[in-house]
Amino acid sequence: MKEITCKLLVIGAGPGGYVCAIRAGQLGVDTVIVEMAKPGGTCLNIGCIPSKAIIHAADDFAKTVAMAAGKNAMGIKADNPAIDLAKTMAWKDGITGRLTLGVAGLLKKAGVKIVVGRAKFRDGKTVAVETETGEQVIRAENIVITTGSAPVELPMLPFGGSTSPSGAKVISSTGALSLTEVPARLAVVGAGYIGLELGLAFAKLGAKVTIVEALDRILPLYDTQLTQPVARRLAALGVEVLLGTKVKGMSSNGEALLAETGSGEERRIAADRILVTVGRKPVTEGWGREELELDMDGRFLRVDEQCRTSMRGIYAVGDVTGEPMLAHRAMAQGEMVAEIVSGKRRSWDKRAIPAVCFTDPEIVSVGMSPDEARAAGREIKIGQFPFSANGRAMTLSAEEGFVRVVARADNHLVLGIQAVGAGISELSAAFSLAIEMGARLEDIAGTIHAHPTQSEAFAEAALKALGHALHI
Ligand code: FAD
Ligand code: NAD
């Protein structure tokens, strides 16, 4: 096969890689992207998008079940709701299919050449790709490694699990997002992002869910004030959460997960499926790293503020470069690298990377929490406004939660904004914009927020920090 030469070669077409390639193509950079699976990477195929589809379907189903049980204050009645999970999954696959086709179309529109197959470095300028029709060698001036991440496997609970017919199967998020029947009993190991997002969804779909978490709290990334409403919802859905508990492995008949609580009590959790969500690891093997001399930052590839690795002409973006392993960080890095390769002067200058957990209720955090601001030696003002005092939240039966604004005490510069509440992931844009543009409390309080919306709670939280909230 004839060798390809190009200015930019991108390895991996997840959010980091495909955004980098599209932007480079738009800027007239001669670009090739290699992907061994489907365009869109983890995010579009087995991550962000399919999980949010299932979470939405589970929410709708749970609301209908509550209506059928007469637990609906609005007077809506329903009878015998049922869910055909195979159909739900087909709907979800339709969404991911449309999006991945869309990404391939956008790459083509930007003039990017797509090569399908596994890429492997031969040296710092040459990559060989195993394609269906043989080996394709690509030489490039610049190469971006964006090989993403994969689920962490626990040695005592390997994916696949029991071989006995009645035994529990051990699955990752990918397995959970392709189940065609709701497991009667689901054990979840890890109460982080995926464990809680999917654990809550499957509880709503009717599974008896037990979550085992090694630490003494759920969602350790967020402060407990933010996670309390989620803990209450878990309890209301009958989800048992075992905190400070270590998993030991499977029972000898393969029908239960064995765990030990903090007080030394042995727990046997009967399960049909065991979903292991104890984090993700960067994909740093399988693409010829051994042929290169790349500095590492722990288990990640070390990059500077321009996403340059320790080798000239080799960049890395996305999950392979470290925390937070989020799609929007990968995309922002990818866009920046494309501009740098095209000759623009760019470096990482973002003030904050928003974090959103699509639990019930949802959690958003942008910038510093009160504890982080204090730890950084700041004197701060905090304003917090509850959704129980917000008219729109009442009309949505979504009064749980609040918006909290953290600002410098001296000049009122906003340092962080957090919120927990139904559907508030959409407020993350306003929060990020405020921090990125260097807003002060007065800017937020002085902006007209449309009525009735949940976003009024944002303006009220700023007013509260200034000492004159109007609606509380
Ligand atoms: P990936 O998306 O992992 O893409 C890497 C690509 O590289 C893959 O397509 C892979 O096939 C390809 N590749 C690897 N090696 C090679 C090779 N040698 N040759 C060719 N191709 C190769 N993030 C959010 O921001 N919001 C969310 O709501 C969210 N939800 C998630 C839910 C789940 C269940 C999971 C698992 C993750 C979720 N994430 C979410 C995280 C998000 O998916 C990742 O942060 C994001 O996909 C990282 O993008 P990336 O481009 O770095 O890598
Ligand atoms: P996570 O890091 O969010 O949570 C892992 C949890 O497992 C932690 O609470 C940890 O204490 C616990 N744990 C670790 N080892 C354990 C053990 N042996 N027994 C019991 N508990 C154990 O990881 P995740 O949920 O697998 O998600 C991976 C990553 O994917 C996230 O960190 C995030 O970057 C990304 N993600 C983001 C979103 C989003 O943005 N909404 C959603 C899903 C995933």
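How far does a backbone N or O atom of Ala327 lie from an oxygen atom of ligand 1? In this predicted model, the separation is 2.9 Å. Let's look at what surrounds the ligand, and then at one strand and its partners.

**Around ligand 1**

- The protein covers 93% of the 1,000 Å² of accessible area that ligand 1 has on its own.
- Six elements each give two or more residues to the shell: α1 (15-26), β2 (31-35), α2 (41-46), α3 (48-68), β4 (118-123) and α8 (327-341).
- Helix α2 gives the most, with 4 residues.
- There are 36 residues around the ligand, and those that come nearest are Glu35, Thr42, Lys52, Asp319 and Ala327.
- By type, the shell divides into 16 nonpolar, 15 polar and 5 charged residues.

**Polar contacts with ligand 1**

- Lys52 uses its side chain: one of its polar atoms there lies 2.7 Å from an oxygen atom of the ligand.
- Gly16 takes part through its backbone, where a polar atom is 2.9 Å from a ligand oxygen atom.

**Strand β23 and its partners**

- Strand β23 covers residues 402-408, and 6 of its 7 residues are buried, so this strand is largely enclosed by the rest of the structure.
- Strand β22 (residues 380-386) pairs with β23 in the antiparallel sense over 7 bridges, and Gly383 has Val405 of β23 as its bridge partner.
- Strand β24 (residues 414-421) also pairs with β23 in the antiparallel sense, over 6 bridges; here Val406 is matched with Gly416 of β24.
- β23 and β24 form a hairpin with 5 residues between them. In the turn, His412 has a positive phi of about 65 degrees.

Note on methods. Residues are numbered from 1 along each chain as its sequence is written. Chains are lettered from A and ligands numbered from 1 in the order in which they are written. This is a predicted model: local features need pLDDT of at least 70, side-chain atom pairs count only at pLDDT 80 or more; totals for chains, interfaces and linings use all residues. Side-chain values use heavy atoms; hydrogens and water are left out. A residue is near a molecule or strand if one of its heavy atoms lies within 4 Å of it. A polar contact is a pair of N or O atoms within 3.5 Å; within protein, one must be able to donate a hydrogen and the other to accept it, and residues adjacent in sequence count only if both atoms are side-chain atoms. Accessible areas come from the Shrake-Rupley method with a 1.4 Å probe; for residues, only the protein chains shown count as cover. Ala, Val, Leu, Ile, Met, Phe, Trp, Tyr, Cys and Pro count as nonpolar, Asp, Glu, Lys and Arg as charged, and the others, Gly among them, as polar. Buried means under 20% relative accessible area, exposed over 50%, partly exposed in between (1.4 Å probe, protein chains only). Two strands pair if DSSP finds at least two bridges between them.
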